[in-house]
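Dear colleague,

I am handing over the structure we spoke about, with the sequence alongside it. Please have a look at it before reading on, since the notes below follow the chain from one place to another.

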Amino acid sequence: MSVSPRTQEAWEPFDQPQSGAGANVLSFNPARPSEHQGQQQAMGDQDLPGVLVSDLEGPHGICEDHAEDLKRHFNLITMQDFLENKAQLGPQIQAVYIWCGRPAVSQELLHSLPSLKIVASAGAGLDHLDLGLVASFGVKVANTPHAVSSPTADLGMALLLAAARRVVEGHQLAVSPHTENFPTDYMGQQVTGATLGIIGMGSIGYKIAQRARAFEMKIVYHNRKRRKLEEEEAVGAIYCERLDDLLQWSDFVMLAVSLTPQTQGLIGKRELRLMKPTAILINIGRGLLVDQEALVEALQTGLIKAAALDVTYPEPLPRDHPLLELKNVILTPHIGSATHQARRQMMENLVESILASLSGLPIPNEVLLK
């Protein structure tokens, strides 16, 4: 198998021989020294595949410490440069590199990119993409689900523990200049032995179950498809065919499900009323999974005990939003995958998928229409 000189240094075989459909897949190693790097620089960026990115810096840009790795393999074209010179740059762009949901892929954009082969999107969620629309242009889609599953599960457990033991409130009490004594009735919820209901038992949900088992939690879950019996037994999870049963039984309810038209507003007034008054809701999926007005009312009236949210709608919330004022709410700024290791793996996975697509090889983590 031959690989073009300009991408050859980006590939190296897997350690073990492969067989079957994935036999020709090669792995990307961005740290590997480039034998042709000087030659590439001499030829100039125009000889590298054009890749559209939102920006190279700023709050909506790619990770700045990833830029040099990306520039070794691609001619990075920012959205602003593209919009200023569509006629020249449009035909050069062979991939769209989506980071933090940007750039947006619209029908107008797809019409403007006649050479486009792949849309590579960081993360697991795909609610920002119209997969049918992209496929109608003959363009592939890839994401990075495996890179985000462990760090997101870690954060889910961190939020559960922080909300249960009122860690944020406790910190504020401990550091307040007005604190003279610690109250003896400062109580939280016990995690060990409690029941955790996981809504969405994909890769992230399953890793949450693995972590919860170490806390001796009883685990119930609701999912579109039931897990294999051996997978359930490995984490001691019980399948709930009815979401209502999970909500009524759980001390903690963890949302780890993808946002789809079917799951939008999954937790509303009715579902919150089914939960225990001592229950805590944790959301690491998407903000639109929850009716936020109903959640505010439930938290204000004591319908449920507390909530810990890594995601909201919109993000960030308006500065006068009532969720920002409630003491029984913990909010984090959508940081489920925000570790240096995970973000670098996401970048590497995206590069691998783009290079595979441009070389006509099987695409790692390709998203297929169901």
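I begin with N223, which counts as buried because its relative accessibility is 19% and the cut-off for buried is under 20%. Please keep in mind throughout that this is a predicted model.

N223 is found in the loop that lies between β9 and α10 (229-235). Its side chain reaches the backbone nitrogen of M201 at 2.9 Å, and a polar atom of that side chain also lies 2.8 Å from the backbone oxygen of K225. If the neighbours within four places in sequence are left aside, the residues in contact with N223 are G200, M201, G202 and Y239.

The strand before this loop, β9, belongs to an open sheet of seven strands, which pair in parallel and follow the order β10-β9-β8-β11-β12-β13-β14. At the edges of this sheet are β10 (237-239) and β14 (329-331), each of which pairs on one side only. Between neighbouring strands the turn is 15 degrees on average, with direction ignored. Within the sheet, β8 (residues 195-199) and β11 (residues 252-255) run parallel and are joined by four bridges, and I199 has L255 in β11 as its bridge partner. Helix α9 (residues 203-214) lies across β8, β9 (218-222) and β11, and runs at about 170 degrees to β8.

There is also an open sheet of five strands, again with parallel pairing, in the order β4-β3-β5-β6-β7. Here β4 (75-78) and β7 stand at the edges with a single partner strand each, so that one side of each has no neighbour in the sheet. From one strand to the next, the twist of this sheet averages 25 degrees. Strand β3 (residues 50-53) runs parallel to β4 and is joined to it by four bridges, with G50 standing opposite N75 in β4.

After the edge strand β7 (140-142) comes a second loop that I would like you to look at, the one between β7 and α7, in which T144 is found. Is T144 buried or exposed? It counts as buried, because its relative accessibility is 0%. A polar atom of the T144 side chain lies 2.7 Å from the backbone nitrogen of G123. With its neighbours within four places in sequence left aside, T144 is in contact with S121, A122 and G123, and also with M346, N349 and L350.

Two of those partners, M346 and N349, appear again where α7 meets α14. The axes of helix α7 (residues 145-164) and helix α14 (residues 340-358) come within 8 Å and cross at roughly 170 degrees, which means that α7 is roughly antiparallel to α14, an angle over 145 degrees being what that description requires. On the α7 side the residues that meet the other helix are H146, A147, V148 and P151, while on the α14 side they are A342, Q345, M346 and N349. Sorted by class, this contact has five nonpolar and three polar residues, and no charged ones.

If you have time for a few places only, I would suggest the two loops, the one holding N223 and the one holding T144, and then the contact of α7 with α14.

With best wishes

Methods:
Residues numbered from 1 in each chain as written. Predicted model: local features only at pLDDT ≥ 70, side-chain atom pairs only at ≥ 80, totals over all residues. Heavy atoms only, no water. Axes fitted to C-alpha atoms, helices over the stretch in contact; angles between N-to-C directions. Parallel < 35°, antiparallel > 145°, perpendicular 65-115°, else oblique. Contact = heavy atoms within 4.5 Å. Nonpolar A, V, L, I, M, F, W, Y, C, P; charged D, E, K, R; others polar. Pairing = 2+ DSSP bridges. Buried < 20%, exposed > 50% of the residue type's maximum accessible area, 1.4 Å probe, protein only. Polar contact = N/O pair within 3.5 Å; in protein donor to acceptor, adjacent residues only side chain to side chain.
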